[in-house]
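Grab your viewer and a scratchpad, and let's work through a few exercises. Try each task yourself before you read the solution.

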Amino acid sequence: MNSDAPPIRLRVKFFAAPREALGKNEIEIQLPPGSTVEDMMKHLTETYPVLRTYTRFVSVAVNRTYVSMDTELHEGDEVACLPPVGGG
Amino acid sequence: MSPSMDLVEITCEGISVDEVVARLSTPSIGAVTTFVGVVRGTTDGCEVQYLEYEAYVDMAEETLRQIGEEIRTRWQAIEQVAIIHRVGRLTVGEISVVIALSAAHRASTFDALRYAIDRLKEIVPIWKKEIRTDGSEWRSDHT
């Protein structure tokens, strides 16, 4: 990671139980360039301890596609924390 | 953009099965097989008052389209796929989801239909909160 480079800005969406716990549908966060989904989850649980109950269960989507925890994030990405789905 | 003609939609409105089936009717088809999901009045012996569905709409519609493409790849006899899922507050007996598949002949439609609803429950970002007389809970088959 280059500490001189400007941070990347992301929108993070929340749904269902974690959305209710957080009290928000969406937040904007800044992370060091080169950050991964795992780094973002760490940042989120440190900033919003109320999310800790849910992070074990959530899947993450970047730009509306499921991704793994080692996926690198980029400026402007639309990130979503998805608890276990229950459609049908 | 997907080149397929699949009809997928997340809607706040009530769903009409007849309307969905009518939209699949073309002269080449001989079978339309449908699955209709309905809000059940009890869970684990407790009375359900209503369900509150929410969706990550853009991604839900994209994953529904993906399911349509998966079906078309596995069962080439399937002509059209329609998947409509409702969100918002639904009371007991209301339709939450309609899946309809059309083909020239019925044979492949049953397996494909089962695949469609199983896949929907597995990957489509839709959630439901069950409001019962004794409390409320977000429900999933995957917890």
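What follows is a set of exercises on this two-chain model, which is predicted.

**Exercise 1: Confidence**

Task: Find out how confident the predictor is in the complex and in chain B.

Solution. Start with the whole assembly: the predictor gives the complex an ipTM of 0.93 and a pTM of 0.93. Then go to chain B, where the mean pLDDT is 94. Finally, check the spread: 96% of the residues of chain B reach 70 or more.

**Exercise 2: Laying out chain A**

Task: List the helices and strands of chain A in order, then decide whether its radius of gyration agrees with that of a compact globule.

Solution. Step one is the count, which comes to 3 helices and 5 strands. Step two is the order: reading from the N terminus, you get β-α-β-α-α-β-β-β. Step three is the size check. A compact globule of 88 residues would have a radius of gyration near 12 Å, and chain A has 13 Å, so the two agree. Along the principal axes, the C-alpha atoms of chain A fill a box of roughly 45 × 25 × 20 Å. To round things off, 26% of the 88 residues count as buried, and among contacts between residues at least 6 apart in sequence, 56% join residues at least 24 apart.

**Exercise 3: Chain B, same drill**

Task: Repeat the analysis for chain B, using its element order and its radius of gyration.

Solution. Chain B has 3 helices and 9 strands. They run β-α-β-β-β-α-β-β-β-α-β-β from the N terminus on. For 143 residues, the compact-globule value is near 15 Å; chain B comes in at 16 Å, which agrees. Its C-alpha box is roughly 50 × 25 × 25 Å along the principal axes. Of the residues in chain B, 32% count as buried. Now look at contacts with a separation of 6 or more: residues 24 or more positions apart account for 76% of them in chain B.

**Exercise 4: Where the chains meet**

Task: How many residues of each chain are in contact with the other chain, and what classes make up the side of chain A that touches chain B?

Solution. Count first: 15 residues of chain A are in contact with 22 residues of chain B. Next, look for elements on the chain A side; α1 (16-22) and β5 (78-82) each supply at least two residues. Last, sort that side by class, and you get 10 nonpolar, 3 polar and 2 charged residues.

**Exercise 5: Into the core**

Task: Which residues touch the most other members of the largest nonpolar core, and is A:V58 buried or exposed?

Solution. The core has 52 residues, and the ones touching the most other members are A:V60, A:A80, A:L82, B:A60, B:I83 and B:A116. Strand β7 (residues 95-103) of chain B provides the largest share of this core, 6 residues. Zoom in on A:V60: beyond its neighbours within four places in sequence, its contacts are A:V37, A:V67, A:V79, A:A80, A:C81 and A:L82.

Now for A:V58, in the loop between α3 (52-55) and β3 (59-62) of chain A. The cut-off for buried is 20 or more other C-beta atoms within 10 Å. A:V58 has 20 of them, so it is buried. Setting aside residues up to four places away in sequence, A:V58 touches A:P18, A:C81, A:L82 and A:P83. By contrast, A:T47 sits 11 residues from A:V58 in sequence and 17 Å away in space, C-alpha to C-alpha.

Terms used: Residues are numbered from 1 along each chain as its sequence is written. Chains are lettered from A and ligands numbered from 1 in the order in which they are written. This is a predicted model: local features need pLDDT of at least 70, side-chain atom pairs count only at pLDDT 80 or more; totals for chains, interfaces and linings use all residues. Two residues are in contact if their C-beta atoms, placed from the backbone, lie within 7 Å. Helices (H or I, at least four residues) and strands (E, at least two) are DSSP runs, numbered from the N terminus. Ala, Val, Leu, Ile, Met, Phe, Trp, Tyr, Cys and Pro count as nonpolar, Asp, Glu, Lys and Arg as charged, and the others, Gly among them, as polar. The radius of gyration is taken over C-alpha atoms; the globule rule is 2.2 Å times the number of residues to the power 0.38. A residue is buried if 20 or more other C-beta atoms lie within 10 Å of its own, exposed if 12 or fewer, and partly exposed in between; C-beta atoms are placed from the backbone. pLDDT is the predictor's confidence in each residue, from 0 to 100. A nonpolar core is a set of buried Ala, Val, Leu, Ile, Met, Phe, Trp, Tyr and Cys residues joined through C-beta atoms within 7 Å.
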